[in-house]
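User: I've got a model open and I'd like to know what backs up the labels people put on it. Can you walk me through them?

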Amino acid sequence: MSSERVDVDLTVNGESHSVSVEPRELLAQTLRERLDYTSINIGCESTLCGACTIHVDGKAVKSCTRLTVQEDGSEIRTVRALSDDGILGDLQTAFSEEHALQCGYCTPGILMAVDEYLESNSDPSRDEIRDEALQGNLCRCTGYENIVDAVDVASDALED
């Protein structure tokens, strides 16, 4: 089996990175294991849980099924990009204040999915939050009610 490697350039949260990867290496692995962006969690490796959700060129994607070589030249944002110099953003603050997490494993992926959703729908109904904003993201610890509350609070903050 060939161990041929490919050089890939990524910009993650505004920081440029050049990495040499095997063509089959998953983006989630590269971000976690090579670049130390440990907020990307790998839960299912089949796009079902959403724990690995990040933004690639402005779109929420599940990084567990994307190859790193596919993202050469891409602009990537992780949950770290939602804060400003260590100060939590509105969405993160709402999750904290509304107790919208327990173990926290799924939270970064949910935050990234919801962040993209709120860009196109800044005033969603609670049903839209459940059915659309959280679609494709699983949380095994909560009953989602506090997560819905947090997204609702965050959307109100966006309107201010």
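Analyst: Sure. Read along the sequence, the pattern is β-β-α-β-β-β-α-α-α-α, which comes to 5 helices and 5 strands. Helices (H or I, at least four residues) and strands (E, at least two) are DSSP runs numbered from the N terminus. This is a predicted model, so local features need pLDDT of at least 70 and side-chain atom pairs count only at pLDDT 80 or more, while totals for chains, interfaces and linings use all residues. Residues are numbered from 1 along each chain as its sequence is written, and side-chain values use heavy atoms, with hydrogens and water left out.

User: What makes the contact between Arg-77 and Asp-115 a salt bridge?

Analyst: The rule asks for a side-chain nitrogen of Lys or Arg within 4 Å of a carboxyl oxygen of Asp or Glu. Here the N to O distance is 3.5 Å, so the pair passes the 4 Å limit.

User: Why say that Arg-77 and Asp-115 tie parts of the chain together?

Analyst: Arg-77 sits in strand β5 (residues 75-77) and Asp-115 in helix α3 (residues 107-120), so the bridge joins parts that are 38 residues apart in sequence.

User: Why is Asp-115 called buried, and what is Arg-77 called?

Analyst: Buried means under 20% relative accessible area, exposed means over 50%, and partly exposed is in between (1.4 Å probe, protein chains only). Asp-115 has 17%, so it counts as buried. Arg-77 has 26%, so it counts as partly exposed.

User: How do you know that Asp-152 and Arg-126 form a salt bridge?

Analyst: Their side chains meet at 3.6 Å, N to O, which means they satisfy the cut-off too. This pair links helix α5 (residues 145-159), home of Asp-152, with helix α4 (residues 126-133), home of Arg-126, 26 residues apart. Asp-152 is partly exposed at 23%, and Arg-126 is partly exposed at 27%.

User: What about Arg-130 and Glu-145?

Analyst: Their closest N and O atoms are 3.2 Å apart, a salt bridge again. Arg-130 in helix α4 and Glu-145 in helix α5 are 15 residues apart. Arg-130 has 34% relative accessibility, so it is partly exposed; Glu-145, with 38%, is partly exposed as well.

User: Which residues make up the network of salt bridges?

Analyst: Arg-126, Asp-127, Arg-130, Glu-145, Asp-149 and Asp-152 are linked in it. The search of the whole structure finds 10 salt bridges.

User: How do you know that Cys-106 is in no disulfide?

Analyst: A disulfide is a covalent bond between the sulfur atoms of two cysteines. The test used is a pair of cysteine sulfur atoms within 2.5 Å, and the whole structure gives 0 hits. For Cys-106 the nearest cysteine sulfur, that of Cys-139, is 3.6 Å away, so the pair fails the test. Cys-106 is buried, at 9%.

User: And why is Cys-141 left out of the disulfides?

Analyst: Its nearest cysteine sulfur, that of Cys-103, is 3.7 Å away, so the 2.5 Å test fails there as well. Cys-141 counts as partly exposed, with 33% relative accessibility.

User: What makes the radius of gyration agree with a compact globule?

Analyst: The rule is 2.2 Å times the number of residues to the power 0.38, with the radius taken over C-alpha atoms. For 160 residues that gives a value near 15 Å, and the chain has 16 Å, which agrees. The C-alpha trace spans about 50 × 30 × 25 Å along its principal axes, and buried residues make up 42% of the 160 residues.
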